[in-house]
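Work through the exercises below with the sequence and the structure open beside you. Try each task before reading its solution.

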Amino acid sequence: MNRRIALLSFAITLGLGVLTACGMVSTEKSFAAVHPQELGAGRPSCSVCHEDELKGSGKTYAAFNHSSTFVKDHKVQAGQDANVCATCHSQSFCADCHAGKTVMKPSTKLGGRPDRATPHPGNYLTMHRIEGKIDPSSCFKCHGRANNDKCTSCHR
Amino acid sequence: MTQRTNVVLLAALITATAGAQDVNVYGTTMAQMWKQDVPGFDKTSYAPATQFLGIDATKLGTEALSLHLFGWGRVDLGEATSMGKKSDGNLTYGYLQYRFAEANAEIKAGRFAINQGAGMEQVDGISARTDLKHGFVVSFFAGKPVIYKSQDPADQRNYEFQHDVIFGGRVGWRLSRMGEVGVSYLQDGSTAAKDLPIASIVDYSRRQVGADIHFVPIAAIDFTGRTIWDVAHHAEPLSGTAPSRIAEHDYTMLVKIAPLFSMTGDFTERNFQAYYAGTNMPSLFRPDERGKHRGYGGKILLGSAASLLVTADFRSTNRDSFGEANRFGGDVRWTGMDSKLQAGFGAHRVTTQNVLKVDRQVPSYSLSHREIRAWVMYETGRYSASLDGIHQSFDDQHNPNLNGKKAQSELVASLGARLTPSVKVSGDLTYGDNPFFKKDVRALLRAEYRFSLARKGGK
């Protein structure tokens, strides 16, 4: 490993230590590591079981309801409340659609789940030539810095 | 990290699970089969077998320490499915996590994904987060970015050389029942292209500052969004004005007008030079493409996801080098019989400006098309069945990418059975009619399993 990374890692640990030593760290209890209640099938609506505010998040539970808008626009919430998502989702759940390198389209892996919001169902080798042309920037978040073995046979 | 350190790390991590109190192993094994019959080529048969495997081991000695691994491997029993390689695999993540009893503080070490500000990054390194007093929250990470295949050996060398380090952090502030704002920084690579031994025009490094907001002042309003700025050094352009440093604006506002009636509006802008910084595929995501993408849209939602939800949507996008495209249509989603039966239907129309080509045969062609999708899914505790069809028809079959076809469709039928509470098997059959193959039929068999001792909750 490289020296710079070792130094940075040390700085992070030190930073955390300093924050603790100065009494700046919150003293609230962490919430459950794993969601205590088993949920039924489908997209959950948190406000069915929870009222009020999700402790310390600044948001009500209702802001986490998995509405179709939440599912489509989860990016900001995934960044702000990653630890809330982690109570129910292991990273592998996200990796079905977001992996640096994966073997198959999410819609193939989840072929028996048409209810899921998987990107590009159907034959995408055709459609992508249309959708990619209209707006390539919408593809960048998943393909721009990932493994591109599959794309280079045509795009070089 | 080299292949060998990966293997050693993996072995050490797996051995560590021996001391765990709760070990949860889950996986999906898949066998796929299809024949490809491309006019003018020999028929080829593909039969890849794929394994996804995940391990979560908790309470490693202490309550707070846990280990999480996930990866996949593939072997081709028929022809090679990717670029002449008959097998492939990847460790998607593998990290140790220490969770503190207070402040939602945690430390991760190993390979993990980070999405605390700008983008979703795969990192081999360390990360930490904690809540502070007075509503503040901080997170940091540092390590080596996970390296992927680039275009050709020379580019690959530059890309790997520049990807020596990645680090970043985010500071957020939360106000009870109002939401959260945050600022973040990310740096990928310590040398810019101009500092390479042989200066290169393609820069694989990037420096970004981000700002994000989630504003929920009253139950009826939900506003989220972010802006990312490119703050790396770029040479002054030889002519004209320098392109915008704003990589991305992306904002969405949801207004709940009545319990069963809401509306959304959204706006995006992406300036290519700034947004595509650090790509490993500069031939496709061209940082030298001057100009930007701009889009706005809206939705009207009627009903509830628990029974019947009707959505009407509209979106207009504009890419400077291509022109405008408008997409509009609607979706209906229905859930009934205690959520056992679900169905969906959607129809959309996309109208676009023409692609202009300097070609005598096809001087220009349209990308306008229609799309219809319909699906139904039935799931009892024991059995599941689903049908999913999609049909796309194109206005202009002179589009050279369509091989003269006017439409394409695909139908996926799936049947599954839960053999025990933790084992499910299913099979999918896909029939496709598209511009590429004479006949496109694919079969897939899938076994999903999960062996756990004490885990509860979602997926």
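The exercises that follow concern a predicted model, and each solution goes step by step.

**Exercise 1. The fold of chain A**

Task: Find how many helices and strands chain A has, and decide whether chain A is spread out or compact by the globule rule.

Solution.
Step 1. Chain A contains nine helices and zero strands. Read from the N terminus, its elements are therefore α-α-α-α-α-α-α-α-α.
Step 2. For 156 residues the globule rule gives 15 Å, but the radius of gyration of chain A is 20 Å, so chain A is more spread out than a compact globule.
Step 3. The C-alpha trace of chain A spans about 55 × 50 × 25 Å along its principal axes.
Step 4. Of the 156 residues, 46% count as buried. Among contacts in chain A with a separation of 6 or more, 36% are between residues 24 or more positions apart.

**Exercise 2. The fold of chain B**

Task: Describe the secondary structure of chain B and test its radius of gyration against that of a compact globule.

Solution.
Step 1. Chain B has three helices and 25 strands.
Step 2. A compact globule of 459 residues would have a radius of gyration near 23 Å; the value for chain B is 25 Å, which agrees.
Step 3. Along the principal axes, the C-alpha trace of chain B spans about 65 × 65 × 55 Å.
Step 4. In chain B, 45% of the 459 residues count as buried. Residues 24 or more positions apart make up 47% of the contacts in chain B with a separation of 6 or more.

**Exercise 3. The interface**

Task: State how many residues each chain gives to the contact and what area is buried between chain A and chain B.

Solution.
Step 1. Chain A gives 100 residues to the contact and chain B gives 132 residues.
Step 2. The size of an interface is often given as the accessible area lost when the parts come together. Here that area is about 9800 Å², with 57% of it from carbon and sulfur atoms.
Step 3. Three residues, Q91(A), K101(A) and R145(A), supply 8% of the area that chain A buries against chain B, more than any other three residues.
Step 4. Turn to the pairs across the interface: 41 residue pairs are in polar contact, and there are nine salt bridges.
Step 5. On the side of chain A that touches chain B, helix α7 (residues 124-134) gives the most, with nine residues. Sorted by class, this side has 34 nonpolar, 42 polar and 24 charged residues.

**Exercise 4. Salt bridges between the chains**

Task: Which residue of chain A forms a salt bridge with D88(B), and where do the two partners lie?

Solution.
Step 1. Side chains of opposite charge can pair when their charged atoms come close.
Step 2. The partner of D88(B) is K101(A), and the closest N and O atoms are 2.9 Å apart. This distance is within the 4 Å cut-off for a salt bridge.
Step 3. D88(B) is in strand β5 (residues 87-99) of chain B, while K101(A) is in the loop between α5 (91-95) and α6 (106-109) of chain A. Both residues are buried.
Step 4. A further salt bridge pairs K85(B) with D149(A), with the closest N and O atoms 3.7 Å apart.

**Exercise 5. Salt bridges within chain B**

Task: For the pairs D22(B) and K59(B) and R373(B) and D388(B), say which parts of the chain are joined and whether the residues are buried or partly exposed.

Solution.
Step 1. D22(B) and K59(B) meet in a salt bridge at 3.6 Å, N to O. D22(B) belongs to strand β1 (residues 20-36) and K59(B) to strand β3 (residues 48-60), and the two are 37 residues apart.
Step 2. Buried means under 20% relative accessible area. D22(B), at 17%, is therefore buried, whereas K59(B), at 25%, counts as partly exposed.
Step 3. R373(B) and D388(B) meet in a salt bridge at 2.9 Å, N to O. R373(B) lies in strand β21 (residues 369-379) and D388(B) in strand β22 (residues 383-394), so the pair ties together parts that are 15 residues apart in sequence. Both residues are buried.

**Exercise 6. A single residue**

Task: Decide whether T252(B) is buried or exposed, and list what T252(B) touches.

Solution.
Step 1. T252(B) is placed in strand β13 (residues 246-258) of chain B.
Step 2. Its relative accessibility is 7%, so T252(B) counts as buried.
Step 3. Not counting residues up to four places away in sequence, T252(B) touches D73(A), D222(B), F223(B), T224(B), G265(B) and D266(B).

Note on methods:
Residues numbered from 1 in each chain as written. Chains lettered and ligands numbered in written order. Predicted model: local features only at pLDDT ≥ 70, side-chain atom pairs only at ≥ 80, totals over all residues. Heavy atoms only, no water. Contact = heavy atoms within 4.5 Å. Buried area = accessible area lost by both parts, 1.4 Å probe. Salt bridge = Lys/Arg side-chain N within 4 Å of Asp/Glu carboxyl O. Polar contact = N/O pair within 3.5 Å; in protein donor to acceptor, adjacent residues only side chain to side chain. Helix = DSSP H or I, 4+ residues; strand = E, 2+ residues; numbered from the N terminus. Nonpolar A, V, L, I, M, F, W, Y, C, P; charged D, E, K, R; others polar. Rg over C-alpha atoms; globule rule 2.2 N^0.38 Å. Buried < 20%, exposed > 50% of the residue type's maximum accessible area, 1.4 Å probe, protein only.
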